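The exercises below concern one protein model. Please work through each task with the sequence and coordinates at hand before reading its solution.

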Amino acid sequence: MPKATSTASAVNRPALRRNQACRPCRKRKLKCDAARPHCGTCVKQWQSLISVPAPPDYAHPVEPQCVYDPVDGLALAPDTNPLDKIRLLEEEVSKLKIQLQEQRNNRLSGQSQQSLHRLIQLRPGSASSSLNLESGSQATSSAQTPSLSYPKDCIIPVHIHDSDPCNNSNSPEHYEVRHKSSTDTILEIIYSGWNPDLPERSVLEHYIDVFFKCDPCGPRILHRPSFLAALRLDPRDPSFPHSAILHAICASASRWSSRNVATSPDGTRRDEFAEFHASKTRQYIDKTMATGQDIFPVVQACILLAWYFYQEGRWVEIWIFAGFQTRVAIPLRLNYPGTFSTHSTISSGGYLPPPKDLRDLESRRRTWWTTIIFDRIVSVGGWIHAIDERDIGTELPLSGEDFDSEQLMPSNPQDMCMEDVFTTHLLKYTDSFLLLIKAIMMFGHVTDFNVRGNLRAPTAPSKFQDPFELPGFADLDRLVYNDFLENLPTMFKMTSVNELPGNHGSVDTDLYMVHIIPHAATITLHNPYLDLTDLNRISTSRCINAARAILSAYFKLSETSLDISRLHPFVAICWYLAAVVQVQVCKHFIEIGDEAREDQVWGEINVLRQAMINYGVRSPIGARQEKLLQDLMREIVRLTSQKQPLEVGLPLYPFSHTTLFAMPTLPENAQMAPLPNPSTSHLTGYDSAMFIQDSSSLDSYCRPADDPPPLPPSWSPTSYSSRSHPRAD
């Protein structure tokens, strides 16, 4: 049978001239496509080479060894010193820049003379003259426009105000970028060594400033003073921030300084600028996975990008990145005390050398703990954690104030192996971020209990089961419901109930999360055993109290001028958990025909829905959780007698506190099953005089023996906070 003819692309491809193939292919007499910078044959051989682990004392080449003969016009031998190559290339760039500038000047000079000659020929005052003058000026301006395109990443919108309705001083400032010739910009980038994929320096500095001011997750792993100082170095300096981190910062900061953003009805948010820089970050991650170069800064960039995906609500990418960064952190030995180990008999101490100084050590600690809490947060739905708590030997981080000031401090003596780590807090090391770590790790205990309890259980948890008979359940319930909040240091507890919010100068968003995460953990622990028909069910009272505490915290937050999009994205999950409990309560009131209480609960559900929708304006995870809640509400929407249940609402501050906390108007001696009032749900008990009680009342188990400590009306500690935001009076 005759041999098949080659494809059309191979036939149409011009034949290579003599010595046009690369030297390795000519030496081995292999086919070469002469692709630049590396031919396909050399790339395939390099890929097969690096796919096999390198033998001891040998390192694979970082790129294919593909070399071509010198290019005509550039007298440069292949074995020339790389520094000489750079010098010659810079000289060529300088010559091209001078030539382009001369051509531009000559063109502008010729066009100016033509315009002046045309203007002299026009008769002043005539309509045709004015029209010709306008057309001439337009032609001149279009001719002056350089043919080179301006990089789209170097453009930023003109003074777009922050979406914060109060427009406080806390909002990031947007500014105009002076228009500059695109040719000058590109040549400056090439000549200075600046990464052309990054925005120009002034725009990048703006996004970095917005990132440190507004992002609630990523900045804590970076040492801001040294990072900003390194940013002022020459881009070719080894201490200049890694491009992967800069791309990740641009993607994250675009949430508060974005343009051309489209949000679809399902909550999907499309920002071309953010997506471009997210894709660039992923390219650096892929390169590091193949070569192992710059592994620690790329891991930090991976963490920043993971939080970006979390705020976007892109769950598949969230799970992938959570697994990747926790798996990579292990061979880096970040889970060891001091983030380094030398007493391994099987392998070396780790890919990273020992920390150079206190700043390097603390950066590694914070990178590790941010990886761990991200793993705990994405596992709250009932997933197994990537790293067991028993395998964490890293000390808890120092306070943010000590980290920023680089004050010489001994390591935090606390770690997760201590039994009292959730109830004992050393004031010298404690700040709101450390408490946030502990709160999330405590939530991780609840996830571990649920997952491990269901793993080998013959049946799923039932509302007819007494959970307090399960081993360890009572101790875990006591910790999340009472002990953690009760043992917070005084300066991190709530202030007086009568103190009006706004007397302090800032709202600490981390501390806000510290006070609502235990309630979300309580719901997660007790919700499988929730039974609204059982008057003596402790799990029911726990869930109702926790849901109302989260709702009360949102009411208090609404009294301030803080833009809720500055909150940690985990807040959307906490709101969702509280709304899930309220949906079950609403269904109970529908079944027993208590329309008055049903109306009140509908209003509270819609308040939480609106909170998620408002948060979703910038972080789509809020809109996605609200959509999940709507799917959960289909049954009660079908059963309710309300004409428009999704539009029932409660007025919020500052309209009227009276209407906000007022009880519904009921006929005398009405039979109903009351719930705790939102204005008193955070106090030490519920006043029975506020409810009309009967045999079907929920009030008998809405008054637990040990109530949790009240929620703070103001989230402003007297100590230093790394994540506090100014608040308008």
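Conventions come first, followed by five exercises with worked solutions.

**Conventions**

The model is predicted, so that local features are reported only at pLDDT of at least 70 and side-chain atom pairs only at pLDDT 80 or more, while totals for chains, interfaces and linings use all residues. Residues are numbered from 1 along each chain as its sequence is written, and side-chain values use heavy atoms, with hydrogens and water left out.

**Exercise 1. Characterise the overall fold in terms of secondary structure, burial, contacts and surface.**

Step 1. The protein contains 23 helices and 4 strands; these are DSSP runs numbered from the N terminus, with helices being H or I of at least four residues and strands E of at least two.

Step 2. Of the 729 residues, 48% are buried. Buried denotes under 20% relative accessible area, exposed over 50%, and partly exposed the range in between, with a 1.4 Å probe and protein chains only.

Step 3. Among contacts (heavy atoms within 4.5 Å) with a separation of 6 or more, 71% are between residues 24 or more positions apart.

Step 4. The accessible surface is about 36,000 Å², and carbon and sulfur atoms hold 55% of that area. Accessible areas come from the Shrake-Rupley method with a 1.4 Å probe, and for residues only the protein chains shown count as cover.

**Exercise 2. Determine the burial of helix α9 and identify what covers this helix.**

Step 1. Helix α9 spans residues 243-253, and 11 of its 11 residues are buried, so the helix is largely enclosed by the rest of the structure.

Step 2. The buried residues include Ser243, His247, Cys250 and Ala253.

Step 3. The cover over these buried residues includes α7 (201-214), α8 (224-231), α10 (272-291) and α11.

**Exercise 3. Analyse the aromatic pairs and the charges that sit over rings.**

Step 1. The whole structure holds 18 aromatic pairs. Rings of Phe, Tyr and Trp (its six-membered ring) pair if their centres lie within 6.5 Å; planes under 30 degrees apart count as stacked, over 60 as edge-to-face and the rest as tilted.

Step 2. Phenylalanine 211 and phenylalanine 212 form an edge-to-face pair, at 5.5 Å centre to centre with 75° between the planes. Both of these phenylalanines are buried.

Step 3. Tryptophan 307 and tyrosine 310 are also paired edge-to-face, with 5.9 Å between centres and 80° between planes. They lie 3 residues apart in helix α11 (residues 295-312), about one turn of the helix. An α-helix has 3.6 residues a turn, so residues three or four places apart point the same way. Tryptophan 307 counts as buried because its relative accessibility is 3%, and tyrosine 310 because its value is 0%.

Step 4. Ring pairs join Trp307 and Tyr310 with Trp315, Trp319, Phe374 and Trp383 in a cluster.

Step 5. A charge sits over a ring if NZ of Lys or CZ of Arg is within 6 Å of the ring centre and within 35 degrees of the ring normal. Arginine 36 lies over the face of tyrosine 68 at 3.8 Å from the ring centre, and arginine 542 over that of tyrosine 481 at 3.9 Å.

**Exercise 4. Describe the environment of serine 363.**

Step 1. Serine 363 belongs to helix α13 (residues 358-378) and is buried, at a relative accessible area of 10%.

Step 2. Its side chain reaches the backbone oxygen of arginine 359 at 2.9 Å.

Step 3. Leaving aside residues up to four places away in sequence, serine 363 touches Ile221, Phe296, Gln300 and Phe403.

**Exercise 5. Examine the salt bridges and the burial of their partners.**

Step 1. The structure contains 26 salt bridges, each a side-chain nitrogen of Lys or Arg within 4 Å of a carboxyl oxygen of Asp or Glu.

Step 2. Aspartate 375 and arginine 376 are bridged, with their closest N and O atoms 3.0 Å apart. Aspartate 375 is buried at 3%, and arginine 376 is buried at 2%.

Step 3. Arginine 390 meets aspartate 388 at 2.9 Å, N to O; here arginine 390 is exposed, at 68%.

Step 4. Arginine 609 and glutamate 626 form a salt bridge at 2.9 Å, N to O. Arginine 609 lies in α20 (residues 595-615) and glutamate 626 in α21 (residues 620-632), so the pair ties together parts 17 residues apart in sequence. Arginine 609 is buried at 9%, as is glutamate 626 at 7%.

Step 5. Salt bridges with shared partners join Glu275, Arg282, Arg314 and Glu317 into one network.

How values were computed:
A polar contact is a pair of N or O atoms within 3.5 Å; within protein, one must be able to donate a hydrogen and the other to accept it, and residues adjacent in sequence count only if both atoms are side-chain atoms.
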